[in-house]
Amino acid sequence: MEQLLHAAGFTGVETVDGVIYARSDPALPEFTVSETAAGWLLVQAWPLRATAAQMAAWNARHPDTVMDIHQGETRITLPVSPENLARWADLTREMVTQCVAWRRESRQRDEGM
């Protein structure tokens, strides 16, 4: 799996305790790739609790890339396939961009960072 990630252009690929960490873009947070009984699973998390409506809208647009809340953070998951691996970088960028926009929308005008 590490070789596939490198070949697909992901950076910072390393394995720690059986979990692969990588980045779709050096400016974005790491995502993980874990082996499950059903195969490899891509996971990107962001420190924001998306609302049920926000997650439903994402899931309607991306039915194969489920968004949920896990350990207090919004995350997306996608089973690995050659086609999905090629799309993953775009999905992670879109997810992070969307989460940042949702956070900004939830702030009061005088609230800081």
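## A first look at this protein

With 113 residues, a compact globule would have a radius of gyration near 13 Å, and the value of 15 Å found for this protein agrees with that. Please keep in mind as you read that this is a predicted model. Along the principal axes, the C-alpha atoms fill a box of roughly 45 × 25 × 25 Å.

Let us start with the overall plan. The protein has 3 helices and 6 strands. If you follow the sequence from its beginning, they come in the pattern α-β-β-β-β-α-β-β-α. Among contacts between residues at least 6 apart in sequence, 44% join residues at least 24 apart.

Next, the surface. About 6700 Å² of the protein is exposed, and carbon and sulfur atoms supply 53% of this area. Of the 113 residues, 32% are buried. There are 10 positive and 15 negative side chains, and the centres of these two sets lie 9 Å apart.

Now we can look inside. In soluble globular proteins, nonpolar side chains tend to be buried together. Here, the largest nonpolar core holds 24 residues, and the members that touch the most others are Leu5, Phe10, Phe31 and Trp88. At least two residues of this core come from each of strand E2 (19–23), strand E3 (31–36), H2, strand E6 (73–79) and helix H3 (82–106). Helix H3 gives the largest share, 8 residues.

Phe31 is a good place to zoom in. Leaving aside residues up to four places away in sequence, Phe31 touches Leu5, Phe10, Ile20, Tyr21, Ala22, Arg23, Ser24, Leu42, Val43, Gln44 and Trp88.

Gln44, one of those partners of Phe31, sits in strand E4 (residues 39–46). Is Gln44 buried or exposed? Gln44 counts as buried because its relative accessibility is 0%, and the cut-off for buried is under 20%. With residues up to four places away in sequence again left out, Gln44 touches Pro29, Glu30, Phe31, Thr74, Arg75, Ile76, Trp88, Thr92 and Met95. Gln44 and Leu78 are 34 residues apart along the chain, and their C-alpha atoms are separated by 9.1 Å.

Thr65 makes a nice companion example. This residue is found in the loop between helix H2 (52–61) and strand E5 (66–70). Thr65 is buried, with a relative accessible area of 0%. Not counting residues up to four places away in sequence, Thr65 touches Trp58, Asn59, Ile76, Thr77, Leu78, Arg87, Trp88 and Leu91. Trp88 therefore appears among the contacts of Thr65, of Gln44 and of Phe31, where contact means heavy atoms within 4.5 Å.

What about exposed residues? The table gathers three of them.

| Residue | Relative accessible area |
|---|---|
| Ala7 | 68%, exposed |
| Asp17 | 78%, exposed |
| Gln71 | 74%, exposed |

Ala7 belongs to helix H1 (residues 2–7). The C-alpha atoms of Ala7 and Ala86 are separated by 10 Å, while the two residues are 79 residues apart along the chain.

Asp17 and Gln71 are both in loops. Asp17 lies in the loop between strand E1 (11–16) and E2, and Gln71 lies in the loop between E5 and E6. Now for their backbone angles. The phi of Asp17 is near 50°, a positive value in a residue other than glycine. For Gln71, phi is near 50°, again positive in a residue other than glycine.

Definitions and conventions
Residues numbered from 1 in each chain as written. Predicted model: local features only at pLDDT ≥ 70, side-chain atom pairs only at ≥ 80, totals over all residues. Heavy atoms only, no water. Helix = DSSP H or I, 4+ residues; strand = E, 2+ residues; numbered from the N terminus. Buried < 20%, exposed > 50% of the residue type's maximum accessible area, 1.4 Å probe, protein only. Core = buried A, V, L, I, M, F, W, Y, C linked by side-chain atoms within 4.5 Å. Rg over C-alpha atoms; globule rule 2.2 N^0.38 Å. Areas by Shrake-Rupley, 256 points an atom, 1.4 Å probe, with all protein chains shown as cover. Lys, Arg positive; Asp, Glu negative; His and termini not counted. Charge placed at Lys NZ, Arg CZ, Asp CG, Glu CD.
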